[in-house]
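Let's take a walk through this model together, from a lone loop residue to the way its helices meet. Have the sequence and the 3D view ready.

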Amino acid sequence: MSSAIEKTITDLGNSANPLLTSRLVDLSNLNSEELGFFERVWTAIEPKRRRQIVHRLVELAEDNFELNFDSIFKSCLKDQDTEVRSKAIEGLWESEETSLISPLINLLEQDSSEKVQAAAATALGKFAMLAEDKKLRSGQAYMVGQALLTAISDKSKPIEVRRRALEAAAPLSLPQVRKAIMEAYQSGNFKLRVSAIYAMGKNCDPSWLPILIRELASGDAEIRYEAVGACSELGEEEAVPYLMELINDPDVEVQMAAIQALGKIGGSEAKKCLEQCLDNPSQAVQLAAEQALDE
């Protein structure tokens, strides 16, 4: 191990030292010897400093795809600190390594923190998509599906965890997932209902369309927004006339989402509507319509 990397890792623990990007970059792609040394130093660093380091590493990885701190993030999944664990999960958002499936399932099922459980559920969503695309071995796909379905139906789990598990499981074309989406939609819990509408889009089953069209006229802006997004995912032209009505929605986010959805779904009716938006008095509407027409 080079003395430079050893010094970088050793200096991390000193809270008096600023976290310089130039030094943190050196932590990319650590080999096994360097990682072992990092882990020994890490446990002695105070929690506040550990949180700062992980936050910065996540930011750096997002800004520069050539940097890879995955080995550090994986190691941090076992950290004593809740914030460090949940941030480490976030740091692994791009990783499709199947070795992550078991640790993420463990965190979803057993972690003491609601925030960490919810983050683990969201992270498993990527593996649900890989399973649906037949890019996982059948045993792994089964594990992911079962873990998410168990979390959704576990009434002792916080709503936040159950709804994230529902959103994550949505791409799986399993009858149990369809049933879970419908139960959440009819549950009477607002947050579960919002997640169910989001999940209908990710489920890619056109049979959800009548519900979604009905919810486009909901009195609640958050529900309308999610229904627009779900219609966009399904890509059915049948939704176009209803989406057109939302271009004058009182909520700006709903307006913008409707314009984007029209661009994504396409078709002559959507195109005509977007062209008319170019003369809209709102500059934001004009710009969004321009981008949607490009699409």
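## A loop residue in the open

K134 is exposed, its relative accessible area being 70%; here buried means under 20% relative accessible area, exposed over 50% and partly exposed in between, with a 1.4 Å probe and protein chains only. K134 sits in the loop that links α8 (114-132) to α9 (138-153). Its phi is near 60°, a positive value in a residue other than glycine.

A second residue can be read alongside K134. N29 lies in the loop between α2 (21-24) and α3 (32-42), and the phi of N29 is near 55°, again positive in a residue other than glycine.

## What kind of model this is

This is a predicted model, in which local features need pLDDT of at least 70 and side-chain atom pairs count only at pLDDT 80 or more, while totals for chains, interfaces and linings use all residues. Residues are numbered from 1 along each chain as its sequence is written, and side-chain values use heavy atoms, with hydrogens and water left out.

## The chain as a whole

The chain has 18 helices and zero strands; helices (H or I, at least four residues) and strands (E, at least two) are DSSP runs numbered from the N terminus. Along the principal axes, the C-alpha atoms fill a box of roughly 65 × 45 × 30 Å. Of the 295 residues, 48% count as buried. Among contacts (heavy atoms within 4.5 Å) with a separation of 6 or more, 62% join residues 24 or more positions apart.

As for the surface, the chain exposes about 14900 Å², and carbon and sulfur atoms supply 49% of that area; the areas come from the Shrake-Rupley method with a 1.4 Å probe, and for residues only the protein chains shown count as cover. The chain carries 32 positive and 47 negative charges, and the mean positions of the two sets are 6 Å apart. In this count Lys and Arg are positive and Asp and Glu negative, with His and the chain ends not counted; each charge is placed at NZ of Lys, CZ of Arg, CG of Asp or CD of Glu.

## An enclosed helix

Why is helix α6 (residues 82-91) described as largely enclosed by the rest of the structure? Seven of its 10 residues are buried, so the rest of the structure largely encloses α6. The buried residues are V84, R85, S86, K87, A88, I89 and G91. Their packing partners are α3, α4 (47-63), α5 (70-76), α7 and α8.

## Where α7 meets α8

The axes of α7 (residues 101-110) and α8 come within 8 Å and cross at roughly 145°; axes are lines fitted to C-alpha atoms, for helices over the stretch in contact, and angles run from 0 to 180 degrees between N-to-C directions. The crossing of α7 and α8 is left-handed, meaning that the near helix is turned anticlockwise from the far one by less than a right angle (clockwise would be right-handed). On the α7 side, I101, L104, I105, L107 and L108 take part, meeting V116, Q117, A120, A121, A123, L124 and F127 of α8.

Take L104 in α7 as a close-up. L104 is buried, with a relative accessible area of 3%. Not counting residues up to four places away in sequence, L104 touches I89, A120, A123, L124 and F127.

K126 belongs to helix α8. Is K126 buried or exposed? At 18% relative accessibility, K126 counts as buried. Leaving aside neighbours within four places in sequence, K126 is in contact with L92, W93, E94, S95 and E96. The C-alpha atoms of K126 and A168 are 7.4 Å apart, with their positions 42 residues apart along the chain.

## Two prolines in loops

P158 lies in the loop between α9 and α10 (159-169) and is partly exposed, with a relative accessible area of 28%. Beyond its neighbours within four places in sequence, P158 contacts E114 and Q117. P158 and Q117 are 41 residues apart in sequence and 9.4 Å apart from C-alpha to C-alpha.

P206 is found in the loop between α12 (190-202) and α13 (209-215) and, at 42% relative accessibility, counts as partly exposed. Which residues does P206 touch, not counting those up to four places away in sequence? P206 touches L234 and E236. The C-alpha atoms of P206 and E236, 30 residues apart along the chain, are separated by 7.4 Å.
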